Amino acid sequence: MTDISMTSAQSQSQTGKIVLRWLLYIALGLFALFYLMPLFVMITTSLKSLDEIRTGDLIALPREVTFDAWRTAWSGACTGIQCEGVRPYFWNSILIAIPAVAISTLLGAMNGYVVAQWRFRGANIIFSLMLFGCFIPFQVVLLPMARTLGIMGIAGTIPGLIFVHVIYGLGFTTLFFRNYYVTIPAELTKAAKVDGAGFFRIFWSIFLPLSLPIIVVTVIWQFTQIWNDFLFGVSFSQAGTQPVTVALNNIVNSTTGVKEYNVDMAAAIIAALPTLFVYVVAGKYFIRGLTAGSVKG
Amino acid sequence: MSPILDIKNLYKSYGTTEILKDINVSIEPGDFLVLVGPSGCGKSTLLNCIAGLEPITGGSINIGGKDMTHVSPKDRDIAMVFQSYALYPTMTVAKNITFGMKVRGVDQATQDRKLAQVAQQLQIEPLLNRRPGQLSGGQRQRVAMGRALVRDPKLFLFDEPLSNLDAKLRVEMRTEIKSLHHNLGASMVYVTHDQIEAMTLATKIVVMKGGVIQQIGSPAEIYNRPANLFVADFMGSPAMNLIPAKAHRADEGTRIEITRKSGEPIVLTDTKNRDLPEDVILGVRPEDIADPDLRGAEAAQAAECLIDMVEPAGADTFAVMQLGGKHVTARLHAETTAKPGQPKRLSFDLGKVSYFAPETGLRLN
C-alpha cells in the first residue's frame, strides 16, 4: 500500500518535472523567435524586389529571391552625391579597426603587465585613472580630441581615427589584461629575473604566451567597439575616410524619392557581418577567457 | 676562508614600516643557513633582499666577496627556488631549465650537456618534454630545483620550497635536499616556518621575529641553549615547557620551587647554576621529564605529578599536566603506565635546563 502510494507520488513529481521542462523550452523558444524576428525581416526584405516590398507582407518570405539589393548596397547605393555603395567605407572600417585593435590590445597588454607585475609608487593611482577613462562619455572628449587631432595634423584621416580608438580603448584593454595578470603569481616574474630575463623578455617569453584567452576577449571587445562606432567616425572623418557605419547612415538617410528598404537592409547586414564573424570564430574563447581567472587554481 | 654571504647592518622598510632591523649574518662556503620564524617575521623579505628582488633601505650585502648591494638579481650569481615553484607554464620542462642559459646566450651544445646532466641527477629525464601543468607537485619541485642547479651558482636560495607538498613527500624531498647539499658542497640559504625542517637541514639557523634576529647558531645551540623565551617556545615540537618558578640559593646549588594547584610544590635542585634571581622561568624540554626507570640515578630527581591527559604518538607517549599554572608536557615511553587523572612519578633532568628572566624573556644561564 505504502509502496504504491510512494511510486505514484514519485511518478507524479516525474511528470511535473517533464511538464516544467517543456514549458521552459517553449518559453525559451518564444524568446529566441522574438529576438530572431528583426534579423529574419532584414534578410527576407533584402532579398525582395521593391515592388514586392510595396505590395507584400512584411514578414512573408520573398516570392522571388533577388540579390540586386545586395549588389546595389555593396557598390551602387548613393551616400549623398557619390554612388559607390558601402564598399569603399567597408575597407575604411577595416583599415581603421585592424590597426586600432592590434595597437590597443598590445599596449593594453603591456600596461596591464606593468600595473600588475612591476608595482611602482603610484601604480594604483595610474590604474584608477585609466579605469576612470573607461567611464568618460564619448561626447565629452569630442572637442578636445578634435583640437588634438588638428594640432597633430591627422584630423580627418584614417590614422587620426586609429589614434582616437587606441586612446579610447586603452582603459578597457589595460583593465582586462591587468585583471588577468594579477592572477599570475609574482614569483614567476621573480624567477625570470633571477634567470636573467629583463622587462621585455619576461613579457614576450612568459606573459604573452599565457595570454591567449584574454587576448581573444580584448580583440572581440575592441573590434566590436571600433567597428560599431558611429560618433567618432562621423566627427573625425571627412569625405573618403568615413567608416561603414557612417556610410550606412548616409545611405539610409540621404536617399531622395522612393525609400529602397531592400538596399538599406542589405547594407545594414553587410555592415554587421564582420563583428558577427569575429564572434562566431572566437566566441568560445570569449567565454573561456571571461571565466579564466575564476577557474584557475 | 672569506664568507660566501655577508650581510651587514641590513635595514628594510616599506614607507615608515620597518620590516627588517639591523640584520647581520654571514656564512662560510658550504654552509646551509636556514632562516626560520613565524609568518610575517621578515624571513622571506630577507631572502628577497639577498636575491636582489627587493631593494634594501640600509646596510650591505656581500656575495662571494663582492659587494652586491645594488647589483641586479641576474648578476648576483645566485639561483632561487620558490614556494609556488614558479615554473614557466607555457614552456616544457627542458625549456624551463634552459631558459636562464638561453637568456644569457649560452651556446646550444653547453645547454644540452648541462640539461642532460641535471635531468640525470634529479631523475627527471622522462619529464623533459612535458609542461608544468602535467606534472605532480613533487615533480614540479624537482624541475624547480633543476632550474636552480643548472645555473651552478655561488649561492642557492630556497623560499619555503616544501610547504606546498603533502606531509610524506615533504619528508622525502627534505632528505633529498639535504643529500644534494652534501653532494654538491654548495652554499644555501633556506627559508621555512617549519622548525623541524630548520633543525634537520641547517648547519646554521637564524631565528627571526618581527624583523629582528633572535638568535643565530647551530641547530644544537638553538635547541639546547635558546637565547630567549621566543626561541625556546618556537623551536622544538612539542615546545619547551616554560614554567614560572622560584629560585633559592642553597649549599648544594640552587633550589628550584614550582608551585602546584593542589598539593605541595615540587622542589628540584640544580647543582650547576648559581646566582639566579628569585623569579625565573624554568625551561625544560619534554624529553627531560620522563619515566624514572629510564634515567641514571645521578641526573634524575623524581616527583609525583598528577597527569591530566595522555597522548600516545606511536614511538612516544606525551603526558600533559599542570605545573606552576602552565600546561607541561612530558615525553614518556610508549608503554608508560601513566593514566589521565592519576598521579605518576616522573623524573626531572636539569642537565640541559634553561632559565629565563620573566620580565625581559632573556636567557639567564
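**Exercise 1. Find which residue stands opposite Ile63(B) in S5(B), then place that pair in its sheet.**

Start with the pair itself: in this predicted model, Ile63(B) has Lys66(B) of S5(B) across from it.

Next, look at the strands. Strand S4 of chain B covers residues 58-63, and 2 bridges tie S4(B) to S5(B) in an antiparallel arrangement.

Now zoom out to the sheet. Reading across, the strand order in chain B is S2-S1-S4-S5. That makes an open sheet of 4 strands, paired antiparallel.

Last step: the edges. Strand S2 (17-27) and strand S5 (66-67) of chain B each have a single partner strand, so each has one side without a neighbour in the sheet.

**Exercise 2. Decide whether Phe177(A) is buried or exposed, and list what it touches beyond its sequence neighbours.**

First, locate it: Phe177(A) belongs to helix H7 of chain A, residues 158-181.

Then do the count. A residue is called buried once 20 or more other C-beta atoms lie within 10 Å of its own. Phe177(A) has 28 of them within 10 Å, so it is buried.

For the contacts, skip residues up to four places away in sequence. What's left for Phe177(A) is Gly108(A), Ala109(A), Asn111(A), Gly112(A), Tyr113(A) and Ile214(A).

As a distance check, take Trp70(A), 107 residues from Phe177(A) along the chain: the two C-alpha atoms are 40 Å apart.

**Exercise 3. Work out which element gives the most to the side of chain A that touches chain B.**

Begin with the head count: 14 residues of chain A meet 18 residues of chain B.

Now sort the chain A side by element. Helix H8 (186-194) and helix H9 (199-210) of chain A are the elements giving two or more residues. H8(A) comes out on top with 6 residues.

Finish with the chemistry: this side of chain A splits into 8 nonpolar, 1 polar and 5 charged residues.

**Exercise 4. Describe how domain 1 and domain 2 of chain B are placed and how many residues each gives to their contact.**

Get the bounds first. The domain assignment puts domain 1 of chain B at 5-231 and domain 2 at 241-356.

Then the spacing: the C-alpha centres of these two domains of chain B are 40 Å apart.

On to the contact, where domain 1 of chain B supplies 5 residues and domain 2 of chain B supplies 5 residues. By class, the domain 1 side has 2 nonpolar, 2 polar and 1 charged.

Technical notes
Residues are numbered from 1 along each chain as its sequence is written. Chains are lettered from A and ligands numbered from 1 in the order in which they are written. This is a predicted model: local features need pLDDT of at least 70, side-chain atom pairs count only at pLDDT 80 or more; totals for chains, interfaces and linings use all residues. Domain bounds come from an automatic or database domain assignment. Two residues are in contact if their C-beta atoms, placed from the backbone, lie within 7 Å. Ala, Val, Leu, Ile, Met, Phe, Trp, Tyr, Cys and Pro count as nonpolar, Asp, Glu, Lys and Arg as charged, and the others, Gly among them, as polar. Two strands pair if DSSP finds at least two bridges between them. A residue is buried if 20 or more other C-beta atoms lie within 10 Å of its own, exposed if 12 or fewer, and partly exposed in between; C-beta atoms are placed from the backbone.
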